[in-house]
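Hi everyone, thanks for coming. I'd like to walk you through one protein model today, so let's put it up on the screen.

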Amino acid sequence: RLDDADPHSFSHGYNFRTVDGGGVGSQERVVTKWTGIRVIILIEGQGGMFDGITTMQHLGAGLALMSLATLFADGMICYLLSDSETKIFRKRKYEDHDAGGMNLTDEERRLLSGEKVDPTDLVP
């Protein structure tokens, strides 16, 4: 450790002096005293080139994670909604509809608007 180098020294820790300036023929120099904790950061690694195969693997893994997130969100929606709302969600998500896409019954519209609806009315 740098701070326990000499237990008998007057000042412990990171403590040294540097001299800046004072070249040949110069009349000035700056002496700087450095004290405190010295933090050394070493970074090791290996540089590489672009690899198309690795890029495609990462893109494929990202797409797979996005599809898993969609499945998880759909599952949570079906779990958190009431039975009647879940039926509407599944009807709107998984069944084919007209180009307009508004094939809701009057009861389903009332349920989505926040009105209290008897869930037995929604069963065909």
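**A first look at the chain**

Let's begin with burial: the protein chain has 124 residues, and 10% of them count as buried. Please keep in mind that this is a predicted model.

How confident is the predictor, then? The mean pLDDT over the protein chain is 76, and 71% of the residues score at least 70. Where pLDDT is low, the predicted coordinates should not be read in detail. Looking element by element, helix H1, residues 52-80, has the highest mean pLDDT, at 89. At the other end is helix H3, residues 106-113, with the lowest mean, 70.

Now the layout. You can count three helices and two strands in the protein chain. Starting at the N terminus, the order is β-β-α-α-α.

What about contacts along the sequence? If we take the contacts between residues at least 6 apart in sequence, 12% of them join residues at least 24 apart.

Let's move to the surface. The protein chain exposes about 11100 Å², and carbon and sulfur atoms supply 58% of that area. Which residues make a nonpolar surface patch? Ile37, Val39, Ile41 and Ile43 do, and the patch covers about 560 Å². Let's pick out Ile43, which sits in the loop between strand S2 (29-36) and H1. Is Ile43 buried or exposed? Its relative accessible area is 78%, so Ile43 is exposed, the cut-off for that being over 50%.

For contrast, let's go to Ser84, which you will find in helix H2, residues 83-94. Why does Ser84 count as buried? Because its relative accessible area is 11%, and buried means under 20%.

Ser84 also gives us a pair to look at. Which distance separates Ser84 and Glu108 in space? From C-alpha to C-alpha they are 8.6 Å apart, with their positions 24 residues apart in sequence numbering. Glu108 falls within the range of helix H3, residues 106-113, the element with the lowest mean pLDDT.

That's my tour, and I'm happy to go back to any part of it.

Notes: Residues are numbered from 1 along each chain as its sequence is written. This is a predicted model: local features need pLDDT of at least 70, side-chain atom pairs count only at pLDDT 80 or more; totals for chains, interfaces and linings use all residues. Side-chain values use heavy atoms; hydrogens and water are left out. pLDDT is the predictor's confidence in each residue, from 0 to 100. Helices (H or I, at least four residues) and strands (E, at least two) are DSSP runs, numbered from the N terminus. Buried means under 20% relative accessible area, exposed over 50%, partly exposed in between (1.4 Å probe, protein chains only). Contact means heavy atoms within 4.5 Å. Accessible areas come from the Shrake-Rupley method with a 1.4 Å probe; for residues, only the protein chains shown count as cover. Patches are made of residues with over 30% relative accessible area and no salt bridge: like charges are joined within 9 Å, nonpolar side chains (Val, Leu, Ile, Met, Phe, Trp, Tyr) within 5 Å. A salt bridge is a side-chain nitrogen of Lys or Arg within 4 Å of a carboxyl oxygen of Asp or Glu.
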